[in-house]
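Student: Please take a close look at a single part for me, the aromatic rings. Then set that part in its wider context.

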Amino acid sequence: MAADVEKQIDGFLSAYLPEVEAAARDARRRMRKRLPDAFEMVYDNYNALVFGYSFSERPSEAILSLAIMPQWVTLCFLFGAKFDDPKKILRGEGNQVRNIRLGSPGDFDSEDVSGFIEQAIRTSPATRDSKRPGTTVVRSISKKQRPRRLSSGPKKTATRRSAKKRA
């Protein structure tokens with residue numbers, strides 16, 4: 001069964017440009033190495049492919065996620081609004097989630113990102129059981145999805161209406 005899930009994930013990732021696919025695979029490998037006892041929940045959503053990480057099978061108790069967008073990989077901290085972030089590295093302004101766009105594999109291992117991951121682990125509503133091996137489950141696949149590869153055509157220009165709003 002695990003081989004079937006990995007085959008399915010390979011199919012999801014193959015829809016991306018090679019450099020984004022490679023970055024996603026690297027980030028996922030690093031996350032699994034850091035959290036070998038976590039449940040990995042996969043969502044092939046409308047906007048992105050998402051890997052959520054929790055110490056329980058409950059999606060509501062997830063603490064981290066990797067969101068694979070057409071141009072980059074984002075590491076999301078699902079309780080990040082509460083994090084200590086004196087350097088103001090985390091992106092986002094909502095009441096709960098913060099994120100970091102991963103630019104290179106080294107970003108994942110930086111002292112700042114490692115610290116945020118540790119804060120995420122401490123905020124987990126579920127109890128960690130390091131004796132239990134992690135498992136991967138595909139939770140949902142959206143029938144309708146945005147393209148995973150951006151076209152190389154010309155960028156859309158602003159309409160008069162949107163230009164007026166910005167003025």
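Tutor: Ring pairs link F77, F83 and F116 into a cluster. The model is predicted, so local features need pLDDT of at least 70 and side-chain atom pairs pLDDT 80 or more, while totals for chains, interfaces and linings use all residues. Residues are numbered from 1 along each chain as its sequence is written, and side-chain values use heavy atoms, without hydrogens or water.

Searching the whole structure gives three aromatic pairs (Phe, Tyr or Trp rings, the six-membered one for Trp, with centres within 6.5 Å; stacked under 30 degrees between planes, edge-to-face over 60, tilted for the rest). One of them joins F83 and F116. This pair is stacked, with 6.4 Å centre to centre and 10° between the planes. F83 sits in the loop between strand 4 (73-77) and strand 5 (98-102), and F116 in helix 4 (residues 111-123), so the pair ties together parts 33 residues apart in sequence. Helices (H or I, at least four residues) and strands (E, at least two) are DSSP runs, numbered from the N terminus.

Both rings belong to buried residues (buried is under 20% relative accessible area, exposed over 50%, partly exposed in between; 1.4 Å probe, protein chains only). F83 has 9% relative accessibility. F116 has 4%.

Now the wider chain. Five helices and six strands make up its elements. From the N terminus, they run α-α-β-β-β-β-β-α-α-β-α. Of the 167 residues, 41% count as buried. Take contacts (heavy atoms within 4.5 Å) between residues at least 6 apart in sequence: 55% join residues at least 24 apart.

Helix 1 (residues 2-13) shows how one element is buried on one side. Its buried residues are V5, I9, F12 and L13. They span an arc of only 90° around the axis, so they lie on the same side of helix 1 (the arc uses directions from the helix axis to the C-beta atoms). That side packs against helix 2, strand 1 (39-44), strand 2 (49-54) and strand 6 (135-141). The face turned away carries exposed A3, D4 and K7.

In helix 2 (residues 18-34) you find D26. D26 counts as buried, at 16% relative accessibility. Its side chain makes a polar contact with the side chain of R29, at 2.8 Å (N or O atoms within 3.5 Å; within protein, one able to donate a hydrogen and the other to accept it, and sequence neighbours counting only if both are side-chain atoms).
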